Amino acid sequence: MLIADAIAAPPSDWWAIAPQLVLGGTAVVIILMICVKRVDPGWNALVAAVGTVASGVFAWEQWRQVTTDANPRLAYSGMIAVDGFSAFLVLVVCVAAFLGVLLADQYFKREGIDRGEYYALLLFSACGMQFMAAANNLVMVFVALELLSICLYVLSAWNRDDSRSQEAGAKYLLLGAYSSAILLFGIALLYGGTGTTNLARMAEIFSENVTREPGLVLLGMVFVIVGLGFKIAAVPFHMWTPDVYQGAPTPVVGFMASGAKIAGFAGLFRVLETGLAAFEFDWQPLLVGLAIVTMLGGSILAIAQRDVKRMLAYSSIAHAGFILTGLASGTAAGVRGALFYLVAYVFMIAGAFGVVALLARRGERYTSLDDYRDMFRREPVLATVLAFFLFAMAGIPGTSGFVAKFAVFTGVADAHQWVLLTVGTVASVISAYFYLRLVVYMYMRPEVDEGEAQPAALPRVRWAPATVVALVLTVFFTIQLGILPQGLLDMAGKATLLF
Amino acid sequence: MQILDSAWLIPVIPLVSAGVLALAGRRLKEPIAGWVATVAVGASFVLSFGQLIALVGRPPEARTFVRTLYEWIPAGGFRVPVSYRIDPLSVVMILLITGVGALIHLYAIGYMKGDRDFTRFFFYLNLFVGSMLVLVLADNYLLLFVGWELVGACSYLLIGFWYQSSPNATAAKKAFVVNRVGDFGFVVGLMLIFSVVGSLDYGAVFSIAPSVMTAAMATAVCLCLLVGATGKSAQIPLYVWLPDAMAGPTPVSALIHAATMVTAGVYMIARSFVLWDLSPTAQGITVAIGIITALVAAVIAIGQFNIKKVLAYSTVSQLGYMIAGVGVGGAGYAAGIFHLLAHGFFKALLFLCAGSVIVGMHHEEDMRKMGGLRTKMPITFITYTIGFLALDGIFPFAGYFSKDGILAALFEHGTWWSQVAWALGLVGAFLTATYMARQWFMVFFGKPRWDEDVHPHESPWLMTVPLIVLAIPSTLFGTAGLPGFNQLHRWLEPVFGVAGGEPELLNATTFALLLTSLVVAGSGLVVGWAIWYRATADQRATLAGRLGGVVPFVRNKLYVDEAYAATFERPGYRLTAVLGDEMDQRGIDWLVMGTGAAFKRAGAWFSKGQNGLIRAYAAVMGAGALVFVVYVLARGVSR
């Protein structure tokens with residue numbers, strides 16, 4: 001091979017990365033806007049929202065092409081995959097970013113920290129998430145992960161006058177660096193074992209059965225799972241989650257909880273299902289164990305929480321466990337269920353954190369369970385909306401949460417993994433306890449027990465249009481996916497088949 | 001095609017309206033809420049009429065239109081398509097439901113005037129109409145069951161509408177519990193169907209069942225479904241809830257407990273005629289239950305003093321005729337539906353008249369305190385008389401032809417038991433004429449027996465207009481089934497096909513039957529006239545004395561309620577006392593609470609590990625990674 005060939009730039013396939021380009025480009029535009037003239041950050045938010053929608057349009061077009069013409073393809077020397085899986089998740093990232101932008105505007109105005117850079121960082125992070133969804137090479141996985149993570153570290157510490165926010169940012173950064181190192185180590189081992197970082201090529205090597213070092217591959221697989229397990233907050237790599245979710249500004253948490261989890265799962269699915277498919281019997285037990293401790297750990301630990309943001313953090317951990325069961329089942333139905341679950345989860349968690357952000361009032365002071373006492377009387381609409389999301393997360397029929405759990409458990413049942421199925425069912429019963437407890441506090445406990453603080457008389461929550469739009473969207477889709485789930489289930493089914 | 005494609009709107013419009021009323025609550029002021037509800041049902045009626053026209057425009061064999069709206073979660077081989085079926089049977093049902101429904105909504109605006117929960121009433125009423133339409137438009141048994149349960153829930157809510165008074169709440173509970181028994185049988189029937197056929201779609205069930213179902217299995221299925229029908233359509237042994245259901249507002253009694261919901265069982269059997277045709281045993285049992293119910297309820301009706309209770313037992317009795325009609329099969333299917341429709345008109349009319357009387361009498365329901373109302377309430381009197389003649393089966397009113405259709409079907413079926421049933425049906429017809437004559441004379445004739453502060457008056461136009469409108473089909477609807485012409489029978493032919501049998505011919509037998517019915521009904525009237533108009537109070541007392549123990553026996557509804565209380569209710573209480581106190585509270589609760597507490601403690605203990613120190617977190621992560629590594633290596637070694 002000539003050196004000139006090796007360093008020749010690969011042919012550009014702009015269409016393959018169009019959604020990512022739009023998001024990155026929008027972020028650059030926002031930075032330029034800030035440099036040229038200090039405008040009201042509301043304009044930045046508007047541009048960011050338009051950017052996510054435009055990116056979504058491109059992603060939809062990609063989806064349409066790969067599903068109708070059935071021509072998934074690779075681009076940039078196999079770095080980027082354009083297939084059903086990538087287009088589906090890129091689209092979901094657009095949704096998460098759009099909701100993140102809508103929910104941020106009002107919050108940052110209230111806190112007096114609305115700076116336009118926020119939206120640029122959010123978009124760069126979302127861009128990283130989309131690259132993650134499309135990554136077909138371990139190097140690409142790592143670069144995408146760093147792009148999305150570094151932006152999130154900064155966003156977590158966005159409220160620099162608040163020590164809690166600073167602490168969250170610092171903790172996330174340190175532990176994130178730790179996990180990145182582990183991931184990189186795993187990638188290096190995999191490269192050592194196969195001589196390639198390209199996932200498709202890796203699968204070919206395994207199928208030709210010319211693996212030089214199976215030990216290296218297995219160790220590399222373990223470290224990749226650990227590194228990505230950190231991103232999806234799977235027990236025992238979840239320890240950062242409650243601290244960061246509690247301290248970081250709530251809209252950031254909403255975006256982080258949805259977006260970072262999509263990216264983490266995208267990476268995990270792609271690496272395991274494409275690159276390491278030959279080792280399915282080695283990674284499957286690991287994932288089963290991971291799913292079991294994650295579901296149980298998230299649900300049980302949430303019971304002990306008295307802070308709503310922390311409780312939702314553990315709830316998001318438990319959700320990660322349920323999504324993992326879909327992958328752990330190793331069946332097409334399970335992966336389809338997991339993808340459906342991801343979408344349902346994005347709407348539920350973004351909506352729930354959106355309501356919590358409003359109810360926390362200025363300075364994020366009111367987030368404890370006691371502050372939610374009798375909330376229905378004081379904020380009937382918000383309390384009802386939050387109660388609805390809690391029901392959805394608990395998996396009550398008629399909501400997307402029910403269908404999502406049903407879909408992943410169908411896959412688990414198909415695989416005859418009865419232990420996993422039983423634990424999943426038990427965990428969802430446990431989780432119903434703490435979701436419903438919050439509902440009970442909001443609706444049925446006006447009296448204060450002895451020794452508890454009387455709820456303070458708070459000013460009414462005011463609504464901004466962007467927040468209303470975000471909450472209406474999240475509620476709508478949570479109902480819609482609960483009643484008419486078939487459309488998305490079909491989409492998710494196509495996304496798994498086109499690997 | 002255009003109109004048929006829009007049929008999904010028929011149930012959706014009242015349901016949406018119900019949603020609006022539920023959300024608006026008391027913010028929607030009194031008459032407006034009623035008008036919103038009425039217009040919604042009226043719109044559905046117009047659309048239903050459009051369906052009728054669309055079907056008439058098609059050739060008879062192309063008059064079944066099925067459209068799947070969407071599919072609910074398909075689970076393995078079990079699929080739940082949400083689809084509707086427009087065919088001659090469902091069209092006449094939706095016309096009855098929306099037509100009579102709209103009139104009763106209108107009437108209720110006047111009847112419920114000044115009620116505290118005016119809007120809530122119309123919310124329930126609209127919800128009911130929507131649910132009932134789901135029931136009849138469904139194209140599979142599961143969706144039918146959804147409607148079946150929804151109307152049951154609405155019935156419960158409306159019987160207990162004035163829940164502040166305890167008898168109403170009890171009556172609602174009774175209706176709910178008794179219907180649960182029936183629904184249990186119904187669900188078991190559906191499971192049997194699914195286990196044999198593998199589908200709950202009408203199309204699949206009716207085409208596959210004849211080839212895969214043994215006679216024994218068909219009997220089992222039909223009897224299970226029949227249990228459901230006895231609950232919903234108030235047949236022996238589950239009829240006891242319907243008379244108590246009169247605790248609800250009178251428009252509810254007219255709409256739900258006379259014209260529509262209680263006929264769901266009849267509709268369901270007619271819809272499932274293929275299954276009944278497979279099992280002569282089930283047909284015989286169905287006829288027996290129907291005709292015995294018709295007779296027993298008619299006997300009880302004679303002893304009642306509450307104006308609505310008489311009509312309630314009369315409804316039970318007439319439902320018995322319908323069940324017997326669809327049970328005997330052949331021409332009985334169409335005859336049962338014919339009587340269902342005619343009864344829907346005249347019984348709704350009678351109930352609304354009773355409501356008008358009740359309002360006029362300042363909410364007095366005891367007929368012993370009425371009398372001589374014909375001059376005070378002329379419109380009510382005339383319309384009531386029409387309904388009364390129709391129910392009695394007097395020529396040429398609707399009930400004459402429709403009831404005769406059932407009796408003729410029983411007679412011409414030609415087996416010994418069907419002819420016994422025919423004879424019993426005639427006795428029932430005689431009793432029907434007697435108790436209705438008794439009511440007619442007690443309410444409208446004789447000397448006034450009002451309480452002193454009562455000043456009867458005619459009802460406002462909102463209430464009398466529906467009476468007048470309903471009087472028209474009560475008079476003329478019989479022409480839809482004139483023997484020899486049988487338009488309704490021919491209309492339903494595409495549904496029942498050859499199973500529908502030959503329509504009634506105009507020959508000597510038919511004439512004889514028609515004449516017999518008329519003579520029987522007429523003599524019933526005469527007896528009623530003799531006892532409750534002609535005879536003096538003393539003479540009546542002497543007669544009662546001669547009859548001895550029979551009179552209190554009838555007045556106390558044959559002590560059926562008491563018998564049920566002794567056999568089911570009291571042992572049930574004892575059982576729940578044991579299960580509830582001993583097993584549930586000491587056993588299961590202990591287990592449940594203990595499990596909960598254990599998880600709570602576990603959560604508190606584990607969250608101690610969450611100490612906020614990064615080095616601790618990193619250590620946990622590292623330990624987790626180590627476990628994975630050890631696991632993988634251990635596997636590698638063992639391999």
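Biologist: What separates Arg201(A) and Glu204(A) along helix 8 (residues 199-208) of chain A?

Modeller: These two residues are three residues apart in that helix, which means that about one helical turn separates them. The model is a predicted one. In it, Arg201(A) and Glu204(A) form a salt bridge, with their closest N and O atoms 3.0 Å apart. Arg201(A) is partly exposed, at a relative accessible area of 35%, and Glu204(A) is also partly exposed, at 41%.

Biologist: How should one read a pair as a salt bridge, and how many salt bridges does the structure hold over all chains?

Modeller: The criterion is a distance: a side-chain nitrogen of Lys or Arg must lie within 4 Å of a carboxyl oxygen of Asp or Glu. The structure holds 29 salt bridges over all chains. One of them joins the side chains of Asp370(A) and Arg373(A) at 3.3 Å, N to O; here Arg373(A) is buried, with 0% relative accessibility. In chain B, Asp117(B) and Arg120(B) meet in a salt bridge at 3.0 Å, and Asp117(B) counts as buried at 9% relative accessibility. Salt bridges may also share partners: Glu167(A), Lys171(A), Asp243(A) and Arg310(A) are joined in this way into one network.

Biologist: Asp243(A) belongs to helix 10 of chain A. Is that helix (residues 240-247) largely enclosed or largely open, and why?

Modeller: Helix 10 of chain A is largely enclosed by the rest of the structure, because seven of its eight residues are buried. The buried residues are Trp240(A), Thr241(A), Pro242(A), Asp243(A), Val244(A), Tyr245(A) and Gly247(A).

Biologist: Which side chain of opposite charge is nearest to Lys231(A)?

Modeller: That side chain is Glu146(A), at 6.8 Å, and Lys231(A) is buried without a salt bridge. Lys231(A) lies in helix 9 (residues 214-231) of chain A. Beyond its neighbours within four places in sequence, Lys231(A) contacts Leu145(A), Ser149(A), Tyr153(A), Tyr172(A), Trp240(A), Ala260(A) and Gly264(A).

Biologist: What may be said of buried residues in chain B, for example Val91(B) and Asn179(B), and which residues do they touch?

Modeller: Val91(B), in helix 4 (residues 88-111) of chain B, is buried with a relative accessible area of 0%. Not counting residues up to four places away in sequence, Val91(B) touches Gln51(B), Leu52(B), Leu55(B) and Ile86(B). Asn179(B) lies in helix 7 (residues 166-197) of chain B and is buried, at 5%. With the same exclusion of sequence neighbours, Asn179(B) touches Gly231(B), Lys232(B) and Trp241(B).

Biologist: How is the size of an interface read, and what area do chain B and chain A bury between them?

Modeller: The size of an interface is often given as the accessible area lost when the parts come together. Chain B and chain A bury about 3100 Å² between them, 78% of it on carbon and sulfur atoms. On the side of chain B, Gln610(B), Met621(B) and Phe628(B) lose the most area to chain A, together 24% of what that side buries. In terms of contacts, 30 residues of chain B meet 39 residues of chain A.

Biologist: How many salt bridges and residue pairs in polar contact are counted between the two chains?

Modeller: The count is one salt bridge, formed by Asp282(A) and Arg635(B) with the closest N and O atoms 3.6 Å apart. Seven residue pairs are in polar contact across the interface. Strand 1 (65-75), helix 25 (560-606) and helix 26 (614-638) of chain B each supply at least two residues of the side that touches chain A. Helix 26 of chain B gives the largest share, 13 residues. By class, this side of chain B has 19 nonpolar, seven polar and four charged residues.

Biologist: Which backbone angles deserve a second look, and where is the peptide bond that is cis in chain A?

Modeller: Most residues other than glycine have a negative phi, and most peptide bonds are trans. In chain A, the peptide bond from Val235(A) to Pro236(A) is cis, with omega near 5°; Pro236(A) lies in the loop between helix 9 and helix 10 of chain A. In chain B, the bond from Phe395(B) to Pro396(B) is cis, again with omega near 5°. As for phi, Ala234(B) has a positive value near 55° and is buried, at 0% relative accessibility. Leu558(B) has a positive phi of about 60° and is partly exposed, at 21%.

Conventions:
Residues numbered from 1 in each chain as written. Chains lettered and ligands numbered in written order. Predicted model: local features only at pLDDT ≥ 70, side-chain atom pairs only at ≥ 80, totals over all residues. Heavy atoms only, no water. Helix = DSSP H or I, 4+ residues; strand = E, 2+ residues; numbered from the N terminus. Buried < 20%, exposed > 50% of the residue type's maximum accessible area, 1.4 Å probe, protein only. Lys, Arg positive; Asp, Glu negative; His and termini not counted. Contact = heavy atoms within 4.5 Å. Buried area = accessible area lost by both parts, 1.4 Å probe. Polar contact = N/O pair within 3.5 Å; in protein donor to acceptor, adjacent residues only side chain to side chain. Nonpolar A, V, L, I, M, F, W, Y, C, P; charged D, E, K, R; others polar.
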